[in-house]
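Here are some notes to read alongside the model, covering helix packing and a few backbone details. Please keep the sequence and the coordinates open while going through the points.

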Amino acid sequence: MPTMADVARSAGVSVATVSHVLNDTRPVLPHTRQAVLDAVEELGYTPNTLARSLVTSRTRSIGLAVSAISNPYFTEILQGVEAAALEQGYGLLIADPHDDPGHEREVVRLLHERRVDGMIVAPSADPSALVAYLGRHRVPAVFLDRVVDAPVGDGAPRFDQVCAEGAEPTARLVTHLAGLGHRRIGLVAGRPGLSTTRERITGYRHGLAAAGLPHDERLLVHGDSEAAGGERATAALLSLAVPPTALVTANNAMTIGALRALRDRGLSVPGDLALCCFDDFPWADLFSPRLTAVAQPSRELGARAVEMLLERLAAPDRPARTVRLPSAFVHRTSCGCPEQPEQAPVLAHERTLP
């Protein structure tokens, strides 16, 4: 197996120069750098990552803790993280906290013990132990998809955060259904405690208010962000003395559950119940009818999380920030509208909060 000394001899430089090129620890003249890289390629030299980490105190690895990796939304986020990390020369260690605060704390500890340079985490509904661990050990971290409220008395988030807009797009779904004449619009909300659940409930209520509709608590049921929960919640709504005529589901898994509940009762969309959903997914336009949805920029979220983490590693003391990426309204036919000509989705604007 070729060594760094072999690379140095082939390139006609010192071993120290090879080290500086491979570890990017000192400027090297362009022609010298190229000579080293050519020698690495010709010899098939593979750097010793472990030895390099002992010298630089960096492993060039990122820990990713995201629940429900089987969910297409989080799968696309993972793809965005992986592509952006690889482009910057970073490897990825992945763990699934299962949305359980205790397990979340444990997997973060394990990632930390493997000396990742930083972490990207989608926090659970109770992230207090997570925040305490990351803060106590001064682990560079970015919260992804779900945000954590600022600590009392601080006035700003302690960690960088990136997520999609949630409230305004949900309100858009509600006002769209109200504009079609619906007066009883139900919401299948996600797991209580998650910031995404709170924001979509807020958007639902704002949408009702904007349409001049009363808020009936019986029309808001939690589906716990899972297909089975979405099915149970939809069944409960359909069992009301006066059931809703339209439904908003707050993530793609619960949309699947809602469709199962409707199928089991022999009900059709949009004939018996109009449906709009938060989270678009690759086969949403293959359903009959095609699903009207809010599409989140999942891959962009993953890539932006990596970008923010690397910025944090480069400048550890800069103020934390929260970045919100725009979501898109994708108009199809499950809401009861006729087939629309193909059109670009309607996007909001990216926002950055100090």
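In which loop does Pro270 lie?

1. The model discussed here is predicted, and the points below should be read with that in mind. Pro270 is found in the loop that runs between helix 11 (252-264) and strand 9 (274-278). The peptide bond that joins Val269 to Pro270 is cis, with omega about 0°, and a reader who inspects this loop may wish to begin at that bond.

2. Two aspartates deserve a look for their backbone angles. Asp145, although not a glycine, has a positive phi of about 75°, and this residue is placed in the loop between strand 4 (141-144) and strand 5 (160-164). Because its relative accessibility is 6%, under the 20% limit, Asp145 counts as buried.

3. The second aspartate, Asp224, likewise is a residue other than glycine with a positive phi, here near 60°. Asp224 belongs to the loop that connects strand 7 (220-222) with helix 10 (227-238). With a relative accessible area of 28%, Asp224 is partly exposed, whereas Asp145 is buried.

4. Turning to helix packing, the axes of helix 5 (residues 72-87) and helix 12 (residues 298-314) come within 7 Å and cross at roughly 40°, and these two helices are therefore oblique to each other. The crossing in which helix 5 passes helix 12 is right-handed. On the side of helix 5, the contact is made by Tyr73, Glu76, Ile77, Gln79, Gly80, Val81, Ala84 and Ala85, which meet Ser298, Arg299, Leu301, Gly302, Ala303 and Val306 in helix 12. By class, the residues of this contact divide into 8 nonpolar, 4 polar and 2 charged.

5. A second helix pair is formed by helix 2 (residues 15-23) and helix 3 (residues 30-43), whose axes come within 10 Å and cross at roughly 85°. An angle from 65 to 115 degrees counts as roughly perpendicular, and helix 2 and helix 3 are therefore described in that way. In this contact, Thr17, Val18, Val21 and Leu22 of helix 2 meet Thr32, Arg33, Val36, Leu37 and Val40 of helix 3, and the residues involved divide into 6 nonpolar, 2 polar and 1 charged.

6. For a check against the coordinates, the places to visit include the cis bond between Val269 and Pro270, the positive phi of Asp145 and the positive phi of Asp224. The right-handed crossing of helix 5 with helix 12 and the roughly perpendicular arrangement of helix 2 and helix 3 can be viewed after these.

How values were computed
Residues are numbered from 1 along each chain as its sequence is written. This is a predicted model: local features need pLDDT of at least 70, side-chain atom pairs count only at pLDDT 80 or more; totals for chains, interfaces and linings use all residues. Side-chain values use heavy atoms; hydrogens and water are left out. Axes are lines fitted to C-alpha atoms, for helices over the stretch in contact, and angles run from 0 to 180 degrees between N-to-C directions. Helices (H or I, at least four residues) and strands (E, at least two) are DSSP runs, numbered from the N terminus. Angles under 35 degrees count as roughly parallel, over 145 as roughly antiparallel, 65 to 115 as roughly perpendicular and the rest as oblique. A crossing is left-handed if the near helix is turned anticlockwise from the far one by less than a right angle, and right-handed if clockwise. Contact means heavy atoms within 4.5 Å. Ala, Val, Leu, Ile, Met, Phe, Trp, Tyr, Cys and Pro count as nonpolar, Asp, Glu, Lys and Arg as charged, and the others, Gly among them, as polar. Buried means under 20% relative accessible area, exposed over 50%, partly exposed in between (1.4 Å probe, protein chains only).
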